[in-house]
Amino acid sequence: MGLTGRATALLLEKCREENPLVQCITNFVSMDLMANTLLAAGASPAMAHSISEVESFVELASALLVNVGTLSEDWAGGMKLAALTAGRLRKPWVLDPVACGATPARTSLCKDLMALGPTVIRGNASEIMALASLGGERTRGVDSSHPSEAAAPMARALAARQGCIVAVSGAVDVVTDGTRTLLVGNGHPLLQKVTATGCSVTALIAAFVAVAGPEQALEATAHALAYFGVAAERAAVDEAGQVRGPGSFRVKLLDELDLLCAAQLVHASRIGRST
Amino acid sequence: MGLTGRATALLLEKCREENPLVQCITNFVSMDLMANTLLAAGASPAMAHSISEVESFVELASALLVNVGTLSEDWAGGMKLAALTAGRLRKPWVLDPVACGATPARTSLCKDLMALGPTVIRGNASEIMALASLGGERTRGVDSSHPSEAAAPMARALAARQGCIVAVSGAVDVVTDGTRTLLVGNGHPLLQKVTATGCSVTALIAAFVAVAGPEQALEATAHALAYFGVAAERAAVDEAGQVRGPGSFRVKLLDELDLLCAAQLVHASRIGRST
Amino acid sequence: MGLTGRATALLLEKCREENPLVQCITNFVSMDLMANTLLAAGASPAMAHSISEVESFVELASALLVNVGTLSEDWAGGMKLAALTAGRLRKPWVLDPVACGATPARTSLCKDLMALGPTVIRGNASEIMALASLGGERTRGVDSSHPSEAAAPMARALAARQGCIVAVSGAVDVVTDGTRTLLVGNGHPLLQKVTATGCSVTALIAAFVAVAGPEQALEATAHALAYFGVAAERAAVDEAGQVRGPGSFRVKLLDELDLLCAAQLVHASRIGRST
């Protein structure tokens, strides 16, 4: 059996009560949507990346997100110091290895960050396969058209080796700690048509892990994906039953993330256990 | 007696006629909303931060905004040079000390910028209290839950010491030159749910001070806050009288900033004088 | 005779089938709208600017966009290396010389980039006149109020000298290779009220030139401008026939870019030939 929608709703409620501060070191494209996504979930975003202050900020934060999207040399130092500080202070941190495998510089940075022990890694199938293959797991090439399930075996191997949670986004999201695997069936194809939706759900994962605690990181990751996916399903269709365009979908996604109530989540969340 | 809504409407009209160029050195999260806010008010945004060109840009601009949100070492030099140039050319400039007090690097940068003589400083109660305490005013700690009125005495002391206008955002906005204090009653709680709304109203203040002239900086700051607040009030509720979600609120806020007419402002602007 | 709406529709269809990867080195303000514009057209955006990886990214990309909007010293090297690599690999690249002429640093960077041989240059009349005057063409000063037609002779001279396509945005867009000149009559004044719309259409030009091939760069540029302009016309008016505010216009623009079908483009595209 999987997780109940009631558990998703309870964790969201806890997030809104505790208002965790999530420090985000993320790409330029995603900042607006990510900050608004966190606000809609009741969390507080703090976008601070500079090596001169990341240590102080991680001390204040409940969780850290590191996203390598618009990689810059001068940001890489801030990312590493922030991750190191989170580890030292035993605060959860989440890695989003955007386009890992696309260029040597990017792959190298992701490798360095992975060595600092993220609590959760979330990516698409290609990114997770590229990350996994850094450690010796074989890959048959990086192809963004890989379905998430195809990456499940490598995700499990990566999670086991790293001792962390690995989430693979796709039509069905795969979330694993190497032993147990959850499958999240929520979401909508329109998410692919709006930039930074994947980045934003990774920030939500950081918020949810912060309030659930690190022992519940597997479940918290699945709940964050389900919550975001349910909001997307509701936002995708207008009052007349027509699928929206991507512009209005993005607007409604934020509305739904904010307005979703427990009863709606209870019935819509679909988190199963892999057999 | 406070300021009339007619005065708010006249200043907005002047802004639309004169089309002031507002140079913005601001954080990455706020750039899109800030630029669109300025355009809706009839001003022209110019986002230029590089130390290699800020002097030339300040020469072209009618006002400068400096916002330290996503602090970077290599941007700090541009901020200081731009502020220095604005002072030399006697052009108004506005400081937004985002999260001042949160980290030593941030507090230090805000202190350096404050020494360069901003025309207006706008922040929330915590930021203004952190700034004020740098100069010796006592604070009982920085807490973002402070209401704006609690910061009023320190805001007055800061304004008097600096010889500038200080605005504290909150349910009621406090605007003071150290002697006279105005209270702006417009706004809506949904503004807290959308990132960069505070940053954007600070840019509006720069535009309004540019067209009103530095002697009218107190009044211009209050008018900008009232105009933004009225637009927020109108944007917060949909046709059926329901409060919107934050996604559609952000969209409607820009619509209202653009479409607001004088008659609507005349009746809705609420700027009182502190007694 | 000009180009048919059918040809515009066919090129859009090709873009959706081929899904070109467009690498964008662009300003911070434009990233969200630009990425979503490319996604709506069926292209894939990749925002990568770092000198440590631009060579690898250009190898993967079908086309490159360089936009100097928020000029930074440390980005300039990445821009030049990317442009150089595109030239070496004979991949199309498009230059958006934002605010060229406003400051010496900006003009100098645009000059350096122009020397690297862009396939297409798109700007407003002032920017194109500033660029053209760098090479000796006389200008009567840079004034953003110049209509695009006034810049047509200088655009033709610039195109002939550079051996590239030059597009001047305005109420009527002028597109020229120095010999042939096309005029695009689509668009809407609301585009001026939304930041980054000009930047975003330049990215569309890169996508369209990638799928049309460099020999068709003149036509592809005109088709991209027509497609974007038709979407703007449709987005500008609501169901009741009222002109929208800029917030909802921006949302609808993305919807229309995504939902526009061939039949709608066939009848609305207005590309004439200059006589």
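**Exercise 1.** Find which residues form the negative surface patch of this predicted model, and say which elements give two or more residues to the patch.

*Solution.* Begin with the residues themselves: the negative surface patch is formed by A:Glu73 and A:Asp74, by B:Glu73 and B:Asp74, and by C:Glu73 and C:Asp74. Next, place these residues in the secondary structure, where the elements giving two or more residues to the negative patch are α4 (73–88) of chain A, α4 (73–88) of chain B and α4 (73–88) of chain C. As an example of this placing, C:Glu73 is found in helix α4 of chain C.

**Exercise 2.** Work out what rotation superposes chain B on chain A, and which C-alpha of chain B is nearest the axis.

*Solution.* The first step is the superposition, in which chain B is brought onto chain A by a rotation of 120 degrees with 0.0 Å of shift along its axis, at an RMSD of 0.0 Å. The two copies are therefore related as by a three-fold rotation axis. In chain B, the C-alpha nearest this axis belongs to B:Phe28, and it lies 3.8 Å away from the axis.

Now take the next pair of chains. Chain A is superposed on chain C by a rotation of 120 degrees with 0.0 Å of shift along its axis, with an RMSD of 0.0 Å. Here the C-alpha of A:Phe28 is the one in chain A nearest the axis, at 3.8 Å from it.

**Exercise 3.** Explain why the copies are said to meet through different surfaces.

*Solution.* Look first at chain B: only 13% of its interface residues are also interface residues in chain A, so the copies meet through different surfaces. Then turn to chain A, where only 13% of the interface residues are also interface residues in chain C, which leads to the conclusion that these copies, too, meet through different surfaces.

**Exercise 4.** State how many salt bridges a search of the whole structure finds, and describe where the partners A:Asp258 and B:Lys193 lie.

*Solution.* The search finds 42 salt bridges over all chains. In one of them, the side chains of A:Asp258 and B:Lys193 meet at 2.3 Å, N to O. This pair crosses between chains, since A:Asp258 lies in helix α10 (residues 246–259) of chain A, while B:Lys193 lies in the loop between β8 (181–184) and α8 (197–212) of chain B. Side chains of opposite charge can pair when their charged atoms come close.

Conventions:
Residues numbered from 1 in each chain as written. Chains lettered and ligands numbered in written order. Predicted model: local features only at pLDDT ≥ 70, side-chain atom pairs only at ≥ 80, totals over all residues. Heavy atoms only, no water. Least-squares fit on C-alpha atoms with pLDDT ≥ 70 in both. Contact = heavy atoms within 4.5 Å. Patch = residues over 30% accessible without salt bridge, like charges linked within 9 Å, V, L, I, M, F, W, Y side chains within 5 Å. Areas by Shrake-Rupley, 256 points an atom, 1.4 Å probe, with all protein chains shown as cover. Salt bridge = Lys/Arg side-chain N within 4 Å of Asp/Glu carboxyl O. Lys, Arg positive; Asp, Glu negative; His and termini not counted. Charge placed at Lys NZ, Arg CZ, Asp CG, Glu CD. Helix = DSSP H or I, 4+ residues; strand = E, 2+ residues; numbered from the N terminus.
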